[in-house]
Amino acid sequence: MAATRSDGRDGYLAFVESHQHRLLRAAYLICGNRHQAEDLLQDALLKLALRWSSVRDGDPSAYVRAILYRDAVSWWRRRRREWLSATPPEQVAHDRDGALRLTLHDALGLLPPRQRAVLVLRYYEDLTEVATAEALGVTVGTVKSQCHAALRRLREVAPDLVRDARPSQGSADLASGLEVNP
């Protein structure tokens, strides 16, 4: 019996070591705060540890991602408040990629949690619509409508992303996704 427990523990530890960085990046993209992302991931990995014996033969990373996204939405619902600051944020250097990242980060922060989760799963995690629906526990139609609404909202709040995302003359076959269905 002790060997079985050790095998389960070793498998869990191997999974955590090989997936924790990717899962932390996904958690950060969902909530936009490194400390909160670490807390979300820690809670998700604890929940995974409690269910490891029943989850390990399936897709444990999908199970953890679903926990991350659901917990992020729950956290956001419990703590809706503004963060006021006595001083304005620091000025950012005029680095083109950095400016685009900040624009995207700010625009993602304006989306509701479910729309943000759909975009992260679809375009960052590169999941299919079906896999995204399974991770979030919603229908494929909901994923499609949330994705469409989120992209439309991103085009509204960050028109610079749309202009910068359009392909140049020489790369007409590349599409970023923001210019689709204007």
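Leaving aside neighbours within four places in sequence, which residues is Q115 in contact with? The first legend takes this up; the model shown throughout is predicted.

**View 1. Q115 and its contacts.** Q115 belongs to helix α6, which covers residues 113-124. Its contacts beyond four places in sequence are Q146, A149 and A150. Q115 has a relative accessible area of 11%. The limit for buried is under 20%, so Q115 counts as buried.

**View 2. The whole chain, for orientation.** The chain holds nine helices and zero strands. Read along the sequence, the pattern is α-α-α-α-α-α-α-α-α. Of its 182 residues, 36% are buried. Take the contacts between residues at least 6 apart in sequence: 62% of them join residues at least 24 apart.

**View 3. The aromatic cluster of Y12, F15 and W52.** Y12, F15 and W52 form one aromatic cluster. The structure holds two aromatic pairs. In one of them, the ring centres of Y12 and W52 lie 5.6 Å apart, with the planes at 75°. Angles over 60 degrees count as edge-to-face, so the Y12 and W52 pair takes that label. This pair links distant parts of the chain. Y12 sits in helix α1 (residues 2-31) and W52 in helix α3 (residues 52-55), 40 residues apart. Both Y12 and W52 are buried.

F15 and W52 form an aromatic pair as well. Here the distance is 5.8 Å centre to centre, and the planes make an angle of 40°. The F15 and W52 pair is tilted. It too links distant parts of the chain, with F15 in helix α1 and W52 in helix α3, 37 residues apart. F15 is buried, as is W52.

**View 4. Helix α2, end to end.** Helix α2 spans residues 34-50, a run of 17 residues. How far apart are its end C-alpha atoms? They are 24 Å apart. At 1.5 Å a residue the helix should span 24 Å, so the two values agree. At the N-terminal end, N33 acts as the cap. A side-chain oxygen of N33 lies 2.8 Å from the backbone nitrogen of H35.

**View 5. The two faces of α2.** The buried residues of α2 are Q36, A37, L40, L41, A44, L45 and L48. Why do they line one face of the helix? Seen down the axis of α2, they fall within an arc of 165°, so they line one face. The face turned away from the buried side carries exposed residues: H35, Q42, L46 and L50. Two of these names are leucines, L46 and L50, and they are exposed. Other leucines of the helix, including L40 and L41, are buried.

**View 6. W75 and L40.** W75 lies in helix α4, residues 60-78. Its relative accessibility is 24%. Partly exposed means between 20% and 50%, so W75 falls in that class. L40 is one of the buried residues of α2. W75 and L40 are 35 residues apart along the chain. Their C-alpha atoms are separated by 9.1 Å.

**View 7. R122 over the ring of Y123.** Where does the charged end of R122 sit? It sits over the ring of Y123. The distance from the charged end of R122 to the centre of that ring is 5.8 Å.

Notes:
Residues numbered from 1 in each chain as written. Predicted model: local features only at pLDDT ≥ 70, side-chain atom pairs only at ≥ 80, totals over all residues. Heavy atoms only, no water. Phe/Tyr/Trp six-rings, centres within 6.5 Å; stacked < 30°, edge-to-face > 60°. Helix = DSSP H or I, 4+ residues; strand = E, 2+ residues; numbered from the N terminus. Buried < 20%, exposed > 50% of the residue type's maximum accessible area, 1.4 Å probe, protein only. Lys NZ or Arg CZ within 6 Å of the ring centre and 35° of its normal. Expected span 1.5 Å × (residues − 1). Arc of directions from axis to C-beta. Polar contact = N/O pair within 3.5 Å; in protein donor to acceptor, adjacent residues only side chain to side chain. Contact = heavy atoms within 4.5 Å.
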